[in-house]
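Hi there,

Here is the structure I promised to pass on. Have a look at it first, and then read on for my notes.

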Amino acid sequence: MACPVVNIYQLNSYAFGTKEDKFEKDTSVAERFARMKVNYMKEGMRTSVEGILVLHEHNHPYILLLQVGNTFRKLPGGRLKPGENEIEGLKRKLSSKLAANSSAHQPDWQIGECVATWWRPNFEPIMYPYCPPHITKPKECKKLFIVHLSQKGYFEVPGNLEMLTVPLFELYGKDKTYGRVLSAIPNQLSRFRFNMIP
């Protein structure tokens, strides 16, 4: 069976700028889970979507990550509104995190297939790539989608976040540094063939 092909372009094909700060709603992990618990009581299980944006430098694939503060890194994305379509919700979140405020620089987000689904059984940091069979009411379902970038682009990142380009080999097996979800991305992308375009 043929591997799905993803065209990826050089890092220097993209320009990066900053826009107004977009502050996190929570200042600590405890606050985040307290808010998640309140929302769960109102709306049920949290559904979130994140985008994997791949480019290359010196023929090595890199992933775009956002860094909050000094240590927390994440993929661009976030929580869906109740009843919101996953693809449209991810486009909305990508624009919120990465698109310029100018309408002239709005990316045409091309969302590819879902490459991973993660489950949060409880109001705790740990997530699993499956829903444990004894969990009948998971608290969150997170889906990761590949995002096909155009050949050139311009991204604007909120001033309080830092855009990182991290090579796939740096993520691999680094649970302690990047967490389970990010460190598993090299495994999840191994079924794709990257067509590296200069």
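Below is what I found, going from the whole chain down to a few residues.

Please keep in mind that this is a predicted model. The protein chain is built from five helices and eleven strands. It has 198 residues and a radius of gyration of 17 Å, which agrees with the value near 16 Å that a compact globule would have. Along its principal axes, the C-alpha trace spans about 50 × 45 × 30 Å. Of the 198 residues, 45% count as buried. If you take the contacts between residues at least 6 apart in sequence, 72% of them join residues at least 24 apart.

A word on the surface and the charges. The accessible surface of the protein chain is about 10,700 Å², and 52% of that belongs to carbon and sulfur atoms. The chain carries 27 positive and 19 negative charges, and the mean positions of these two sets are 5 Å apart.

Now to strand S3, which covers residues 46–57. Both Ser48 and Glu50 sit in this strand. Ser48 has a relative accessible area of 2%, so it is buried. Leaving out residues up to four places away in sequence, Ser48 touches Gly78, Arg79, Leu80, Glu140, Cys141, Lys142 and Lys143.

Is Glu50 buried or exposed? Its relative accessibility is 10%, so Glu50 counts as buried. Its contacts, again without neighbours within four places in sequence, include Leu75, Pro76, Gly77, Gly78 and Leu90. Lys142, Lys143, Leu144 and Phe145 are in contact with Glu50 too. With Lys142 there is also a polar contact, side chain to side chain, at 3.3 Å. Phe194 is 144 residues from Glu50 in sequence, and their C-alpha atoms are 20 Å apart in space.

Past S3 comes the loop between S3 and strand S4 (60–68), where you will find His58. Asn59 has its place in the loop between S3 and S4 as well. Which backbone angle should you check at His58? It is phi: His58 has a positive value of about 55° although it is not a glycine. Asn59, also a residue other than glycine, has a positive phi near 65°. His58 has a relative accessible area of 67%, so it is exposed. For Asn59 the figure is 54%, and so Asn59 is exposed as well.

Next, please look at Arg120, which lies in strand S7 (residues 110–120). This arginine has a relative accessible area of 3%, so it is buried. What does the side chain of Arg120 have 3.0 Å from one of its polar atoms? There you will find the backbone oxygen of Pro125. Not counting residues up to four places away in sequence, Arg120 touches Arg32, Phe33, Met36, Pro125, Ile126, Met127, Pro138, Lys139 and Glu140.

Last on my list is Leu182, in helix H4 (residues 175–183). With a relative accessible area of 4%, Leu182 is buried. Setting aside residues up to four places away in sequence, Leu182 touches Leu65, Arg73, Lys74, Leu75 and Leu171. Tyr172 is ten residues away from Leu182 in sequence and 8.4 Å away in space, C-alpha to C-alpha.

Happy browsing, and best wishes!

Notes:
Residues are numbered from 1 along each chain as its sequence is written. This is a predicted model: local features need pLDDT of at least 70, side-chain atom pairs count only at pLDDT 80 or more; totals for chains, interfaces and linings use all residues. Side-chain values use heavy atoms; hydrogens and water are left out. Helices (H or I, at least four residues) and strands (E, at least two) are DSSP runs, numbered from the N terminus. The radius of gyration is taken over C-alpha atoms; the globule rule is 2.2 Å times the number of residues to the power 0.38. Buried means under 20% relative accessible area, exposed over 50%, partly exposed in between (1.4 Å probe, protein chains only). Contact means heavy atoms within 4.5 Å. Accessible areas come from the Shrake-Rupley method with a 1.4 Å probe; for residues, only the protein chains shown count as cover. Lys and Arg count as positive and Asp and Glu as negative; His and the chain ends are not counted. The place of a charge is taken as NZ of Lys, CZ of Arg, CG of Asp or CD of Glu. A polar contact is a pair of N or O atoms within 3.5 Å; within protein, one must be able to donate a hydrogen and the other to accept it, and residues adjacent in sequence count only if both atoms are side-chain atoms.
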